[in-house]
Amino acid sequence: MGTRTRMTREDRRKQIIESAMNVFKEKGFKGTTTAEIADSAEITEVTLFRYFTSKQEIYLEGVRPFIVKTLEEVVETSAGMTPRERLQAILLDRITFISENYETIKLILNESPELSGMGVDLSSEIRRIIEKSIGQAPIREDMRPMAVRMIMGSLLSFLYMPEQNAKSIRNYVYQITDLLLETMQGDRL
């Protein structure tokens, strides 16, 4: 038998989450057991429970950063841009992210009743971040709810019609940005 390097606690947690997300993708949240997660991570169930208290905790730790944290990061990194550039950067990042990860995102959406039962409302968190990110855009106050819906609808459209062509994604982003800013702006430009 070869020598095994011992993982740090954080690396082991990440490894368990990654293994669990693969099982969740295959079997769904309800169809997955902690024994299957442990088996996939090549650990015992006892070891699994040293790192996590429940299947729900593992699921939330895998889902929330995947969706919310990555969106928050792109919003933060685009903060110094013009409103148009910022909106384009956020849309380009999210649409590319969705197109590259649509299977995982579909799992998360399909499991949203489970998340709600855990007290998590990802769509509200995403909406709040998008509302905040368009706060500097020259969109009339009365048009902001529609702008948020258009952005969220655009993002969802790529979930059901994934696009791998970067040029097509970029063209779409420029067109939707123009539509949003040219039809919903006030006198602020």
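Is Glu-42 buried or exposed? Select Glu-42 to begin: the residue is exposed, with a relative accessible area of 67%, where exposed means over 50%, buried under 20% and partly exposed in between, for a 1.4 Å probe and protein chains only.

The model is predicted: local features need pLDDT of at least 70, side-chain atom pairs count only at pLDDT 80 or more, and totals for chains, interfaces and linings use all residues. Residues are numbered from 1 along each chain as its sequence is written, and side-chain values use heavy atoms, with hydrogens and water left out.

**Stop 1: the loop at Glu-42**

Glu-42 belongs to the loop between helix H2 (34–40) and helix H3 (45–51). Helices (H or I, at least four residues) are DSSP runs, numbered from the N terminus. Although Glu-42 is not a glycine, its phi is positive, at about 60°.

**Stop 2: Ser-99**

Next, select Ser-99 in helix H5. Ser-99 is buried, with a relative accessible area of 2%. A polar atom of the Ser-99 side chain lies 3.0 Å from the backbone oxygen of Glu-163. Apart from neighbours within four places in sequence, Ser-99 is in contact (heavy atoms within 4.5 Å) with Phe-158, Pro-162, Glu-163, Gln-164 and Ile-169.

**Stop 3: the largest pocket**

Now select Ile-67, Leu-109, Ser-123, Ile-126 and Leu-156, which lie nearest the centre of the largest pocket among its 21 lining residues. Two or more lining residues come from each of helix H4 (55–77), helix H5 (83–100), helix H6 (102–110), helix H7 (112–117), helix H8 (122–133) and helix H9 (144–160). The pocket holds about 440 Å³ of space. On a 1 Å grid over the protein atoms alone, a pocket is an open set of points with protein on both sides within 12 Å along at least five of seven lines, a cavity is a set where a 1.4 Å probe fits but cannot get out, and lining residues have an atom within 4 Å of a point. Grid points are joined across faces, edges and corners, and a volume is the space filled by probe spheres set on the points.

Colouring the pocket lining by class gives 16 nonpolar, three polar and two charged residues. Ala, Val, Leu, Ile, Met, Phe, Trp, Tyr, Cys and Pro count as nonpolar, Asp, Glu, Lys and Arg as charged, and the others, Gly among them, as polar.

**Stop 4: the cavity**

Finally, select Pro-83, Arg-86, Leu-87, Ser-133, Ile-134, Gln-136 and Ala-137, which line the largest cavity. The structure holds one cavity of 30 Å³ or more, and about 40 Å³ of space lies in the largest. H5 gives the largest share of this lining, three residues. By class, the cavity lining has four nonpolar, two polar and one charged residues.

Notes. Polar contact = N/O pair within 3.5 Å; in protein donor to acceptor, adjacent residues only side chain to side chain.
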